[in-house]
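Dear colleague,

Please find the structure below, as agreed. My notes on it follow directly after, and I would be glad if you read them with the coordinates open.

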Amino acid sequence: MPKNASLPALAALTLATILWAGSFIAMKLAMGAFAPLLVVFGRMALAAAVFLPLLPRMGGFAHVRRDIRPILFMALCEPCLYFLFEANALRFTQVSQAGMVTSMLPLMVAAAAALVLKERLTRRTLFGLILAVSGVLVLSAMGTAAESAPAPALGNFLEFLAMCCAVGYIITLKKLSARHKPLFLTAVQSFVGTIFFTPTLFFIPLPQHYPLIPTLAVIFLGLGVTFVAYGLYNYGVSQIPAAKASVFINLIPVFTLLFSWLVLGERLTPVQYAAAGIVLAGVFLTTSVGERPSPLPEPLPRPGGIIPPGPPDSGRFARRLAPGKTPGKPDGSENVMAPACGREARKKFLEEGPGRNLFSAFAQGSKEAASTSGPLKVGVVYLSPPGDMGYTYMHDQGTIAAEKHFGDKIQVIRMESIPENEDSERAMESLVDEGCKIIFANSYNYQQYMLNVAKSHPDVYFEHCSGYLSNDNMSNYFGRMYQMRYLSGMIAGKMSTSGKLGFVGAYNTPEVVRGINAFALGARAVNPKATVTVVWTNTWYDPSLERQGAVALLDQGCDVIAQHQDTTEPAKAALERGKYAVGYNADFRNMIGDDRILVSPMWNWG
């Protein structure tokens, strides 16, 4: 999961469990005046009434027809059958015994997630789950029942069926959250739940009086729990693995006992305090950041600094070159023409170089399309609009070339300005829903989200520009841009009078660092005393930050500005100071109309 998504997700799950814990007290207060199933209907209807005016702004309708069965199955599991079983379970068994059955849910979800979602069940996660469940078992066992249990075996069995419904809800929710927004799924639960419990109005007498406290309790259940808590939990499940999200359910008994002490005057025993601590320890262990999978390389903001040397296998090998050192090839590879050269070079790139993945994917996809009645559908996910005349523009030129070459054999579906977060996963899922058999994504940080979708759709080919994550049906492609960087470095080193060159870099990723190294090596080939100073913007596309980075380098005395960014702002800032610039992605000299643009390494994907 993305690092910046984990903290909000954990906070949302924690707040959801707090609200759910409050629902036990609210339910108890409401049932003092109203029948249990009427209370459930009331909370569903109230939440649905709140959601109704929000529907036009909610989105999420594009894939309803395709997902109608899993959506209805999710809502049927919870709230419909879940509340039906649980409401009746509490009629026959003690709350403490029902709590023991409820504590089984995280393990049930973890097992189901491993089987259905193919989530990895690590030893640490498993140990945290067992620890948390053990705490809940002790916590429940030490509780005291307020009333007798006429048929505990039946009641516990009904509670177990409720937990089975909860498992179905959580697993289905996890699969749906890739294509639908959490708020939309929460609204569906409210509407379906209202319809499901409406018949209770015809079989259970309506109350004649509406006491204030029970009525407020129903309002809390409808707004605070059904509307807010389910929305928060659905959001949390969409951000982190289902097995980890389910562990937070173990916090409900802890918060319930706390609220019982604050609101009802009940007290915890020392053993219950210890058990609550065990639950918290299990939740912390399972959701600890030390458990997260290997993340994407983190951008390192080092304004005005030179990239430090990295581990040998990290790909981050840019460094300060000692004066007089003989430059070598940037990464020790063979000297092959870059894809931006002539027709033969492009053919070599497609058939023998990095582009062979694209060639193979189109060839295989064309064979599959030949066996169907329509054209091969190709999906393309872009980070920015193609009209920006930068990186995406050049990528789209390759897409246009493919459209011209294959004609009516392919149909391209473009998705523009897709951020590098879970929205990109939803975008790729929607392309699969549209019938795309090949999907391209053109930005580095799409790779984890593409991998998630690729694993769910083994019959679709996925092609990711740059990156390092792959799968049986997911490949990476990139060009030898470092060769063009080396040549541009030679030109910059020759034209610089101060020997100080500046480079505005986006992220500290292998291809960016590789290009900076090549640029520095090229400059050293003609000026052994040349230095390259780098400013990181930590963004691919932000005209304002790109310009600020260039200005900072110019203030340090750099008289040539190069860049790995998506706009012309760094170059324009250099020209305004009367300095030279090196473009990127497109022909900056032709775009800006200034001969002080020395050269522009650019892509030719067509």
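In what follows, buried means under 20% relative accessible area, exposed means over 50%, and partly exposed covers what lies in between, with a 1.4 Å probe and protein chains only. Please keep in mind that this is a predicted model, in which local features need pLDDT of at least 70 and side-chain atom pairs count only at pLDDT 80 or more, whereas totals for chains, interfaces and linings use all residues. Residues are numbered from 1 along each chain as its sequence is written, and side-chain values use heavy atoms, with hydrogens and water left out.

I begin with the salt bridges, a term that stands here for a side-chain nitrogen of Lys or Arg within 4 Å of a carboxyl oxygen of Asp or Glu. The structure holds 9 salt bridges, and one of them joins the side chains of Arg547 and Glu569, with 2.9 Å from N to O. Arg547 belongs to helix α22 (residues 543-555) and Glu569 to helix α23 (residues 569-576), so this pair ties together parts that are 22 residues apart in sequence. Helices (H or I, at least four residues) and strands (E, at least two) are DSSP runs, numbered from the N terminus.

Arg547 also forms a salt bridge with Glu576, where the closest N and O atoms are 2.9 Å apart. This second pair likewise links distant parts of the chain, since Arg547 sits in helix α22 and Glu576 in helix α23, 29 residues apart. Within helix α23 there is a further salt bridge, between Lys572 and Glu569, for which the closest N and O atoms are 3.9 Å apart; Lys572 and Glu569 are 3 residues apart there, about one turn of the helix. Salt bridges that share partners thus join Arg547, Glu569, Lys572 and Glu576 into one network.

The members of this network differ in how they are covered. Glu569 counts as buried, because its relative accessibility is 18%, while Arg547 at 24% and Lys572 at 33% count as partly exposed, and Glu576 is exposed with a relative accessible area of 59%.

The two helices that carry the network also pack against each other, at an angle of about 40 degrees and with their axes 8 Å apart. That makes α22 oblique to α23, given that angles under 35 degrees count as roughly parallel, over 145 as roughly antiparallel, 65 to 115 as roughly perpendicular and the rest as oblique. The axes are lines fitted to C-alpha atoms, for helices over the stretch in contact, and angles run from 0 to 180 degrees between N-to-C directions. The crossing of α22 and α23 is right-handed, which is to say that the near helix is turned clockwise from the far one by less than a right angle, while anticlockwise would be left-handed.

A second helix pair is formed by α2 (residues 36-51) and α9 (residues 182-197), whose axes come within 8 Å and cross at roughly 135 degrees. Here too the arrangement of α2 and α9 is oblique, but the crossing is left-handed.

On the surface, Leu29, Leu212, Ile213, Leu216, Ile219 and Leu223 make a nonpolar patch of about 510 Å². Helix α11 (residues 212-239) supplies the largest share of this patch, 5 residues, and Leu216, which lies in that helix, is partly exposed with a relative accessible area of 44%. Patches are made of residues with over 30% relative accessible area and no salt bridge, like charges being joined within 9 Å and nonpolar side chains (Val, Leu, Ile, Met, Phe, Trp, Tyr) within 5 Å; the accessible areas come from the Shrake-Rupley method with a 1.4 Å probe, and for residues only the protein chains shown count as cover.

Lastly, some backbone details. The peptide bond from Glu78 to Pro79 is cis, with omega near 25 degrees, and Pro79 is found in helix α4 (residues 64-92). Asn538, although not a glycine, has a positive phi of about 60 degrees; Asn538 lies in the loop between β7 (531-536) and α22 and is partly exposed at 25%. Asn585 has a positive phi as well, near 80 degrees, in the loop between β9 (580-582) and α24 (588-593), and at 0% relative accessibility Asn585 counts as buried.

With best regards
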